[in-house]
Structures are given as C-alpha cells and as structure tokens.
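Please walk me through this structure, one region at a time. I would like the terms explained as they come up.

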Amino acid sequence: MLIFECPYCGVMAEETELTAGGEAHVKRFGPGSSDEDFETYLFHRENPKGVHFERWRHANGCGKWFLAARCTNTLEVFGTYPAQTTRPPEPILEAIRAKRPGFQWRDLA
Amino acid sequence: MKRYSAFAVAREALRDHTGWGRAWHKAQPKKRYDVIIVGAGGHGLATAYYLGKNFGITNVAILEKGWLGGGNTGRNTTIIRSNYLQDPSAAIYEKARGLYETLSQDLNYNVMFSPRGVMMLAQTEHEVRGYQRTAHANSLQGVETEFISPKQVKELCPIMNIDGPRYPVLGALWQPRGGTARHDAVAWGYARKCSEMGMDILQKCEVTGVRTEGGKVQGVETTLGPIDCDKLGLVVAGHSSVLAEQAGFRLPIESLALQALVSEPIKPCMDVVVMANTVHGYMSQSDKGEMVIGGGTDGFNNYTQRGSFHHIEETVRALIETFPMLSRLKMLRQWGGIVDMTGDRSPIISSTPVGGIFINCGWGTGGFKAIPGSGWAMAELMAKGHSPLAEDFGLNRFVEGRFIDESVAAGVAH
Ligand SMILES: Cc1cc2nc3c(=O)[nH]c(=O)nc-3n(C[C@H](O)[C@H](O)[C@H](O)COP(=O)(O)OP(=O)(O)OC[C@H]3O[C@@H](n4cnc5c(N)ncnc54)[C@H](O)[C@@H]3O)c2cc1C
Ligand SMILES: [Zn+2]
C-alpha cells in the first residue's frame, strides 16, 4: 500500500485517501501548435520502469493536488511537493540520484 | 512431433507415460533470423504461428525474458467475447473468437475453449441503454448478441440476486458463444506448433537494446548476446514503453497493475461468465471449481505485478451484493499483471517510425480473447506490410484523431 505525506496538511495519507492524476509537469499545447506537439501533449506519457513524477490528490483529506516522485518498479516514494512547483525540487532529485545513478526524466531531471 | 490423440493417451497409458517427449525444443540463439518476435505471451506466439502457417515464414525466433506464457497470458481471467461497439473492434475480436472455436483442432492441443456464454449485467439505466445500443451494433456487425431481461438473467444464473437494493439487475448483454479457455494451454499450444515448424523459442532471453542503422532495424541485444534480424515484432504488453524507448520512439501507453483472485474450489454452481461493470467485478467458475474473480486496475503507473488489498476488498464487497452465496467462501490466491493501457482502450497493431519494427500492444485489460485474431493480423502486417484487420489500429490514429473508443465496451477489466 502506497503512503504519501501530503505537502499541505502534513498527513501521512495512504492509497485509499488519494486519487492518482497521472504524469506531473505536463506541458500544455493548444490550438496553433504543431501536430506533433499536440499529439505528444494529448497522448504520449512517460511510462518509466523506475522513478516517475506524478500528480496525486489528497481526495479524502484536504482535497488538494500535489506532486510526488515514486518508483513504479519498487513503489518507493522519494518525496512530495506542492502542485505549484514547476520542476522537481533539488533535494528530491538528489535523493533519487543517490540511489539511481544516471537517473533521467524528460528534460527536467 | 508426435500428434496428441485419444489413441496416444491409450498408448502412453500402457507404457507409464514414458513416450511423450518435449512439447517444444530447447533452442540456442542463431546469429540471425528473418523475424524476431520479442515476448512469448499469447500475442507473440500467435504472431509467430500465423507467420509460419499463413505466410511460410519460419526462420523466426521468439525471445522471452521470463518463461513462456508467464506474463499477462498466464495471469488473466480468460474471458472471451466479441461484443464490442465499434466496427474495427468487432471485426478483430470476432475473428479471434471464431478462431478459438477450432483452435484445439488447429493446434492439436486442447485449449479447453468453453463457449458457455458471457453476460454483462446492466445495473443502471445508463447501462441498459448502452448495452441495447451495443446489441444493435453487434447485429449489424454479424456478432451474435442479445439484450436479455432480468428474468432470463436469473434463469441462466440462479445464484444471482437480481433485486439487490443498491444495484438491481435491469437486464444484460448476452453473448451465447462467448466463454473461457485455458490460458496456459493457448500459449503452450501455439509454442508447440511454432517449435514444430522449426522456430526457436528462447526463454530467459531478455532484450536489452534494439540496434538500428539509417532508420532501419538491424537486430537486438539480449542477455544471450546480440542477434540480427530483418524484421522485429515487439509484443511485450506492459513493457511496450520500455522496448519502444530502446528502439527510439514513444507510445501512447501507460502500464498499470490489474489483479485477480480465486476462491477455494466448490461444486459447480455457475455455468456462465458474469461481468458486472458498474460494481467493477466479474466472475466465472473454473473446471476445478474455483470462483475466478477479477476487478479494476490501479489508477497509477505500476510495474510490480502485485495487487493491493483495498482493490480485493472493493471487488469482493461489490460482488457479494449480487452473489450473496460468495460471502462464506475463502479466497485462495491473488495475483497481478501489468497491463498496457491506451487512451481509447483499443490496441495498437502497427508499423513504427523505425523501418522493420512492428508493434502489437495496448490490449490492456482485455487481450486474452483477442490472441488468435491479433496474431493473425500482426503476422499479415509483418509479412505483407498491411492487414485489413489491423488497419484501423495503427499508431497514426492518435495523430489523426481517429479513435476506436471502447472505454464503454471495455468498462471493466477483462
Ligand atoms: C488479472 C488480469 C485479468 C485479465 N483478464 C482478462 C480476461 O478475462 N479476458 C481477456 O481477454 N483479457 C484479460 N486480461 C488481459 C490479457 O491477459 C492480456 O491482454 C494478454 O494476455 C496480453 O498478452 P500478450 O501476449 O500481449 O502479453 P504477455 O502475456 O504479458 O506477454 C508479453 C511477454 O513479453 C515478455 N517481455 C517483456 N519484456 C521483455 C524483454 N525486454 N525481452 C523479452 N521478453 C520480454 C514478458 O515476460 C511477457 O511474457 C487480463 C489481464 C490481467 C493482468
Ligand atoms: Zn492533505
């Protein structure tokens, strides 16, 4: 069972309190963008077997969206941070790199 | 390879079963093959089989990182049906269901196809209208389905409580020739025939890299060394994004965990397959007597092949209202598989941006039923460059906005 610390209310929330919201830091492309950018934005998602950055909502708690770094292969959680953050915070990246040398994720990590 | 028959069973009974021989030969990788298929699940093996059977291409290797049939093919709840909504889906799923009817004879291997009938319960007004629409679509597509009344549901499945307080049964979409088959046998039967045609099945052989040159495939790197090929078929379900990354392209796929469980074996009590999409549960009884139960997927990306307790609880809680007799059953085993989900809940059978590489994935929670049809189409695509059955399932549908939306028909995982 997954457990995340909600960065807003500080509660250690378990899976049934949370709703998963898919990939974090998705860059939006709208009308006027190239076909390729639009397709990527709508359909292509990172699907790593490893650490992933995701959106989660503390649905049965404070109700707020937050972001999290989690390994899809071990379910280890590397940290959570507020949804208003535009790139993964450096301390979380350091924690990941310490365990996964050479770690990369899109152009943000 | 020796034929399996009633006579062979009698003959072997007389000599302590010493003469059966291996179902497929143990192979060493050659330097080069015409075609390499990555993934010895049902879809990969069926692709190889129809490449040989329909197109005479037999210089083929099937590479498997674990053991043959150990992925989703050996982990699913084996429901076979073809009552989808859209025409391209009806075509490929009905092709597959039709091939299942005679698969045991074709493969000379008993896959235990049991067309016992599949019913999808309508438990809300919305579902009633949705399934009536599907029944109409199916009759236009030539797929035999029917919308039946609660009374007929009760007659077909007496253990069901049709007037549950929260989710009464308002009717069902009934496909009399849907059913189940033995999942392992499907993989083993195809594997045996592939081996008989001279193909190599290499187990414990993980593909770790894809070699390309000038936009064309050259071969693969594996844990058993490099192997060259002219054409490469990626048929790895939940690991499709990993292989696509090795080959240098992206897919509109996310991998999620889907789980199932079985009860202790009990006497026969239910001879149809029942799916209850509103409450996210479905059930059939295996020949051993176990109640085979499946539920929904996790909502997040996952490669762990495990499940989670709260999903089991949700599924079982929901089913008990409709099947009160389940409440005293003990559950025996639970397991998970990693399913490859697309946005429109339809598969991808397609060429790729890399020359010579083809991909078959995106079957998600419901690809066991499709194995023969998918292999048939994928083999045609790889041999001839196009396939009428596969045409609408190309990767370009995501660029062009031509979705094959089956999120309603696929509703629950199965
Ligand atoms: C719990 C559960 C219940 C289901 N119930 C149903 C159902 O009732 N009806 C239905 O129609 N469908 C059902 N499905 C879906 C169905 O199981 C799948 O769609 C189908 O089995 C996929 O087959 P496949 O051959 O594509 O994949 P798999 O059987 O998963 O085969 C892919 C193979 O590729 C191998 N592989 C991966 N990476 C590599 C690599 N790098 N190198 C070499 N090999 C590799 C894997 O080890 C695996 O054996 C269910 C799935 C699950 C998990
Ligand atoms: Zn909170």
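**Loops, helices and two ligand sites**

B:Asn108 sits in the loop between helix H4 (103–107) and strand S4 (118–122) of chain B; helices (H or I, at least four residues) and strands (E, at least two) are DSSP runs, numbered from the N terminus. B:Asn108 is not a glycine, yet its phi is positive, about 50°. With a relative accessibility of 9%, B:Asn108 counts as buried, where buried means under 20% relative accessible area, exposed over 50%, and partly exposed in between (1.4 Å probe, protein chains only).

The model is predicted: local features need pLDDT of at least 70, side-chain atom pairs count only at pLDDT 80 or more, and totals for chains, interfaces and linings use all residues. Residues are numbered from 1 along each chain as its sequence is written, chains are lettered from A and ligands numbered from 1 in the order in which they are written, and side-chain values use heavy atoms, with hydrogens and water left out.

A second positive phi in a residue other than glycine is found in chain A, where phi of A:Leu75 is near 65°. A:Leu75 belongs to the loop between S5 and strand S6 (77–82) of chain A. Strand S5 (65–71) also borders another loop, the one from strand S4 (51–57) of chain A, and this loop holds A:Lys64. A:Lys64 is partly exposed, at a relative accessible area of 43%. Its C-alpha atom is separated by 9.2 Å from that of A:Cys9, although the two residues are 55 apart along the chain.

A:Cys9 leads to the metal site. Which atoms coordinate the zinc ion (ligand 2)? They are SG of A:Cys6, SG of A:Cys9, ND1 of A:His58 and SG of A:Cys62, at 2.0 to 2.3 Å. Donors here are N, O and S atoms within 2.8 Å of the metal (3.2 Å for Na, K and Ca); water is not among the atoms, so sites may look incomplete. Along the chain, the donors of the zinc ion (ligand 2) follow the spacing C-x2-C-x48-H-x3-C. The 4 donor atoms subtend angles of 103 to 119° around the zinc ion (ligand 2), which makes the arrangement tetrahedral. Four donors count as tetrahedral if all angles lie between 85 and 135 degrees. For comparison, the ideal angle for four tetrahedral donors is 109.5 degrees. Of the coordinating residues, A:His58 is buried, with a relative accessible area of 1%, whereas A:Cys62 is partly exposed, at 31%.

Chain B contains the surroundings of ligand 1. The shell around ligand 1 has 38 residues, and the closest are B:Glu64, B:Asn72, B:Thr73, B:Thr77 and B:Lys369; a residue is near a molecule if one of its heavy atoms lies within 4 Å of it. An N or O atom in the side chain of B:Thr77 is 2.7 Å from an oxygen atom of ligand 1. Backbone N or O atoms also approach oxygen atoms of ligand 1, at 2.9 Å for B:Gly367 and at 2.7 Å for B:Lys369. Taken alone, ligand 1 exposes 1000 Å², and the protein buries 97% of that; these areas come from the Shrake-Rupley method with a 1.4 Å probe, and for residues only the protein chains shown count as cover.

H2, strand S12 (254–263) and strand S16 (331–341) of chain B each supply at least two residues of the shell around ligand 1. S12(B) gives the most, with 3 residues. Helix H2 (residues 42–55) of chain B has 14 residues, which at 1.5 Å a residue should span 20 Å; its end C-alpha atoms are 19 Å apart, which agrees. The expected span is 1.5 Å times one less than the number of residues. Since 11 of the 14 residues of H2(B) are buried, the helix is largely enclosed by the rest of the structure. Among them are B:His43, B:Leu45, B:Tyr49 and B:Tyr50. H2(B) is followed by B:Gly56, whose phi is positive, near 65°.

Further along chain B, the loop between strand S3 (79–80) and helix H3 (87–101) contains B:Ser82. B:Ser82 is buried, with a relative accessible area of 0%. Its side chain makes a polar contact with the side chain of B:Glu94 (2.6 Å), a polar contact being a pair of N or O atoms within 3.5 Å; within protein, one must be able to donate a hydrogen and the other to accept it, and residues adjacent in sequence count only if both atoms are side-chain atoms. In H3(B), the buried residues include B:Ile92, B:Tyr93 and B:Leu99.

Technical notes:
Tetrahedral: all angles 85-135°; square planar, octahedral: opposite > 155°, others 65-115°.
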